[in-house]
Structure formats: C-alpha cells, structure tokens
Amino acid sequence: MTASDKDKEKKTLPTAVGRKATRRLKARREGDQGVWFGLGLFGMVGWTIAITTLIGVAIGIWMDRTWPSTYSWTLTMLFIGLIIGCMNAWYWVNKESRFDEDDDSQGKGASPK
C-alpha cells in the first residue's frame with residue numbers, strides 16, 4: 001500500500017463511520033420497523049418480478065396461438081418478462097437505498113433528539 005492510498009483511506013474512513021452513525025441514529029429514532037415492514041418490502045419485490053413474468057407468459061401464449069413456430073414464444077416471453085421484472089426490482093431497491101443515503105447525508109451535523 002502506498003502513502004497516497006493510506007491518505008485516501010484516512011479521508012474516507014471518517015466519512016464512512018459518520019454515515020453509519022447517522023444511519024444508526026435514524027434507525028433508533030424511527031424505532032423497530034418490525035416484521036410487517038420486512039414482509040411488505042419482500043412482497044413488493046416479489047410482486048414486481050411475478051407480475052412482469054406472468055404478463056410475458058400471457059403475451060407468449062397469445063403469440064404461440066397467433067404465429068405458430070418451431071420454438072416456443074411462451075418460454076421466450078417468460079424469460080424476457082423475468083429479466084424485465086428483475087431489472088425493475090433492482091431499480092426500485094437501488095432507488096430506495098439512494099433515498100436512505102440522501103437522508104443520511106442531510107442529517108449530518110444534526111443533533112439527535
């Protein structure tokens with residue numbers, strides 16, 4: 001490890017510790033989210049993937065009946081729907097985590113009540 005790497009690490013460590021401390025204080029203020037919050041979050045991600053997959057299957061069945069082919073449109077559209085659902089869920093979870101980080105950065109310097 002070079003001297004410049006050590007300097008960068010020293011500068012980023014307090015920032016990371018500050019973010020974690022702010023997040024911990026925020027969690028204490030908000031209290032325990034509970035099981036229902038976790039189930040709701042799990043359900044949102046699951047439904048996001050399931051609905052797009054089912055839409056893909058429905059479109060694939062319609063395409064198989066309309067345009068018969070040697071390969072299955074249903075399987076093709078199932079995979080496309082699954083991929084779109086996973087991308088959508090990833091985007092939503094990523095957006096929520098950025099929202100939490102924004103809350104952490106706005107809370108810097110604020111004293112806990």
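Is Ala-89 buried or exposed? At 6% relative accessibility, Ala-89 counts as buried. The legends below start from the whole chain and then move to single sites. The model is predicted.

**Figure 1. The protein chain holds three helices and zero strands.**
Read from the N terminus, the elements run α-α-α. The chain has 113 residues, and 13% of them count as buried. Its accessible surface comes to about 9,300 Å². Carbon and sulfur atoms own 66% of that surface. Take the contacts with a separation of 6 or more: 62% of them join residues 24 or more positions apart.

**Figure 2. Ala-89 of helix H3 touches Val-45, Thr-48 and Ile-49.**
That list leaves out residues up to four places away in sequence. Ala-89 sits in helix H3, and Thr-48 lies in helix H2. Ala-89 has 6% relative accessibility; the cut-off for buried is under 20%, so the residue counts as buried. Along the chain, Ala-89 and Thr-48 are 41 residues apart. Their C-alpha atoms are separated by 6.1 Å. Trp-47 is 42 residues away from Ala-89 along the chain, with a C-alpha separation of 9.1 Å.

**Figure 3. Thr-48 of helix H2 is in contact with Gly-85, Asn-88 and Ala-89.**
Neighbours within four places in sequence are set aside here. The contact with Ala-89 appears in the lists of both residues. This view shows the pair from the Thr-48 side, with Thr-48 placed in helix H2.

**Figure 4. Thr-74 makes a polar contact with Asp-64, side chain to side chain, at 2.6 Å.**
Thr-74 is found in helix H3, which covers residues 73-106. The side chain of Thr-74 also reaches the backbone nitrogen of Ile-61, at 3.5 Å. Which residues is Thr-74 in contact with, leaving aside its neighbours within four places in sequence? They are Val-57, Gly-60, Ile-61 and Asp-64. Ile-61 and Asp-64 therefore appear both in this contact list and as partners of the Thr-74 side chain. The relative accessible area of Thr-74 is 17%; buried means under 20%, so Thr-74 is buried.

**Figure 5. Six residues form a nonpolar patch on the surface: Trp-47, Ile-51, Ile-55, Ile-59, Trp-62 and Trp-67.**
Together they offer about 690 Å² of accessible area. Ile-55, one of the patch residues, has its place in helix H2, residues 34-66. Is Ile-55 buried or partly exposed? Its relative accessible area is 47%, so Ile-55 is partly exposed. Trp-67 has 47% relative accessibility and likewise counts as partly exposed. Trp-47 belongs to this patch; its C-alpha atom is 9.1 Å from that of Ala-89.

**Figure 6. Trp-62 and Trp-67 form an edge-to-face pair.**
A search of the whole structure finds two aromatic pairs. In the pair shown, the ring centres of Trp-62 and Trp-67 are 5.4 Å apart. Their planes stand at 80°. An angle over 60 degrees counts as edge-to-face, which is why the pair of Trp-62 and Trp-67 carries that label. Both residues are also members of the nonpolar surface patch.

Notes
Residues are numbered from 1 along each chain as its sequence is written. This is a predicted model: local features need pLDDT of at least 70, side-chain atom pairs count only at pLDDT 80 or more; totals for chains, interfaces and linings use all residues. Side-chain values use heavy atoms; hydrogens and water are left out. Rings of Phe, Tyr and Trp (its six-membered ring) pair if their centres lie within 6.5 Å; planes under 30 degrees apart count as stacked, over 60 as edge-to-face and the rest as tilted. Buried means under 20% relative accessible area, exposed over 50%, partly exposed in between (1.4 Å probe, protein chains only). Helices (H or I, at least four residues) and strands (E, at least two) are DSSP runs, numbered from the N terminus. Contact means heavy atoms within 4.5 Å. Accessible areas come from the Shrake-Rupley method with a 1.4 Å probe; for residues, only the protein chains shown count as cover. A polar contact is a pair of N or O atoms within 3.5 Å; within protein, one must be able to donate a hydrogen and the other to accept it, and residues adjacent in sequence count only if both atoms are side-chain atoms. Patches are made of residues with over 30% relative accessible area and no salt bridge: like charges are joined within 9 Å, nonpolar side chains (Val, Leu, Ile, Met, Phe, Trp, Tyr) within 5 Å. A salt bridge is a side-chain nitrogen of Lys or Arg within 4 Å of a carboxyl oxygen of Asp or Glu.
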